[in-house]
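Q: Please take a close look at the aromatic rings in this protein. Which of them come together, and what lies around them?

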Amino acid sequence: MSFSSLPTEIQSLLFLTFLTIYLVTLMGNCLIILVTLADPMLHSPMYFFLRNLSFLEIGFNLVIVPKMLGTLLAQDTTISFLGCATQMYFFFFFGVAECFLLATMAYDRYVAICSPLHYPVIMNQRTRAKLAAASWFPGFPVATVQTTWLFSFPFCGTNKVNHFFCDSPPVLRLVCADTALFEIYAIIGTILVVMIPCLLISCSYTRIAAAILKIPSAKGKNKAFSTCSSHLLVVSLFYISLSLTYFRPKSNNSPEGKKLLSLSYTVMTPMLNPIIYSLRNNEVKNALSRTVSKALALRNCIP
């Protein structure tokens, strides 16, 4: 159903707004990937994980936003049964992977600040590849079990999904069978997927805070904190919006309210991540400046 209940003029305005956000998201995350690959100064583990995050954000956006834009533009709100299942599968996959990748990035910051002399040895190329793989992997079983189980139920009656993408709760309302066991699994699974990375992040930043407080100089404290501030801001945006969407009481969980909250982590957060990492990180800004200068110099050299 997306935003079909709104007047056509409002839907046109939403289309232009979401298209702009989508293009900014794609360009911002692609720029992060290209700059961190092109500049040798950004070949550290921190930017390796940042590239992974940008890949995730691009995939997350591709799963949801193009279909939403098509719905707003063409007023065609239909989606096939297989298309709905595919969209849900990759939504779960990228969402779960992002939760664990944010925890991995927190661990990377913990090692960098608490064991700076051993950081290159601990976070060597093999270790960071394993950590990245461990972050991506949990998305496969979670997405496979949840999507396969949900779409094995019989559907009857209305076929209207009151959302702008095929999320589990609105699709579950269309099932005409006993879903109690599935709902228990979904609640436990969501809590584990959200809470385990959240606890790992909390533990990492507790140790980081203790280490920063031991630094004698204010300049040293500010430098140490600045390496974590971007990640902390991204984590806060992602987890606050995710928690408000999935852990609110059902009495306060209206479909329209959930749509607005879902926009925050499906549309807004992927756009803000590259902006946060670019504006709050001098290394990225300097690397971007160097990359642009090299590109312009190369262009001037070509006859």
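A: **The ring cluster and its surroundings**

In this predicted model, a cluster held together by ring pairs contains F3, F18, F60, F91, F92, F164, F165 and Y265. Two rings count as a pair when their centres lie within 6.5 Å. With that rule, the count of aromatic pairs comes to 22.

A pair of aromatic rings is described by how far apart the centres are and by the angle of the planes. One of the pairs is F48 with F49, where the centres are 5.4 Å apart and the planes make an angle of 65 degrees. Angles over 60 degrees count as edge-to-face, and the pair of F48 and F49 is therefore edge-to-face. Both F48 and F49 are buried.

A pair from the cluster itself is F91 with F165. The distance here is 4.7 Å centre to centre, the planes are 55 degrees apart, and the pair is described as tilted. F91 belongs to helix 3 (residues 81–114), whereas F165 is in the loop between helix 6 (139–150) and helix 7 (168–172), so the pair ties together parts that are 74 residues apart in sequence. F91 and F165 are both buried.

Two rings also have a charged group over them. The charged end of K259 sits over the ring of F3, at 5.9 Å from the ring centre. F3 is one of the cluster members. The ring of F48 has the charged end of R128 over it, 6.0 Å from the centre.

**Neighbours of the cluster**

The largest nonpolar core has 82 residues, and the members that touch the most others are F18, M68, L102 and L150. Helix 3 gives the most to this core, with 21 residues. F18 appears both here and in the ring cluster.

M68 can be followed further. With residues up to four places away in sequence left out, M68 touches S2, F3, F18, F164, L263 and V267. F3, F18 and F164 in that list are also members of the ring cluster.

S2, another contact of M68, is found in the segment before helix 1 (8–38). S2 has a relative accessible area of 4% and is buried. The backbone of S2 has a positive phi of about 50 degrees, although S2 is not a glycine.

Another neighbour of the cluster is S168, which lies in helix 7. S168 has a relative accessible area of 5%, which means that S168 is buried. Apart from residues up to four places away in sequence, S168 touches M88, F92, Q146, L150 and F182. Among these contacts, F92 belongs to the ring cluster, and L150 is one of the core residues that touch the most other members.

**Around F49**

Back at the other pair, F49 has a contact in helix 3, where T104 is found. Leaving aside neighbours within four places in sequence, T104 is in contact with F49, L131 and S135. T104 is buried, with a relative accessible area of 10%.

F49 also borders empty space. The structure holds two cavities of 30 Å³ or more, and the largest cavity has about 60 Å³ of space. F49 lines this cavity together with M46, M105, D108, R109, T227, H231 and Y277. Helix 2 (45–74), helix 3 and helix 9 are the elements that give two or more residues to the lining of the largest cavity. Helix 3 gives the most to that lining, with three residues.

**The largest pocket**

About 890 Å³ of space lies in the largest pocket. The lining has 35 residues, and those closest to the centre of the pocket are P169, A186, T190, Y246 and K258. Two or more lining residues come from each of helix 3, helix 6, helix 7, helix 8 (180–213), helix 9 (218–246) and helix 10 (255–279). Helix 8 gives the most to this lining, with nine residues. Helix 3, which holds F91, thus appears in the linings of both the largest pocket and the largest cavity.

For contrast with the buried residues above, helix 9 holds I240. I240 has 53% relative accessibility, so I240 counts as exposed.

Definitions and conventions. Residues are numbered from 1 along each chain as its sequence is written. This is a predicted model: local features need pLDDT of at least 70, side-chain atom pairs count only at pLDDT 80 or more; totals for chains, interfaces and linings use all residues. Side-chain values use heavy atoms; hydrogens and water are left out. Rings of Phe, Tyr and Trp (its six-membered ring) pair if their centres lie within 6.5 Å; planes under 30 degrees apart count as stacked, over 60 as edge-to-face and the rest as tilted. Buried means under 20% relative accessible area, exposed over 50%, partly exposed in between (1.4 Å probe, protein chains only). Helices (H or I, at least four residues) and strands (E, at least two) are DSSP runs, numbered from the N terminus. A charge sits over a ring if NZ of Lys or CZ of Arg is within 6 Å of the ring centre and within 35 degrees of the ring normal. A nonpolar core is a set of buried Ala, Val, Leu, Ile, Met, Phe, Trp, Tyr and Cys residues joined through side-chain atoms within 4.5 Å. Contact means heavy atoms within 4.5 Å. On a 1 Å grid over the protein atoms alone, a cavity is a set of points where a 1.4 Å probe fits but cannot get out, and a pocket is an open set with protein on both sides within 12 Å along at least five of seven lines; lining residues have an atom within 4 Å of a point. Grid points are joined across faces, edges and corners, and a volume is the space filled by probe spheres set on the points.
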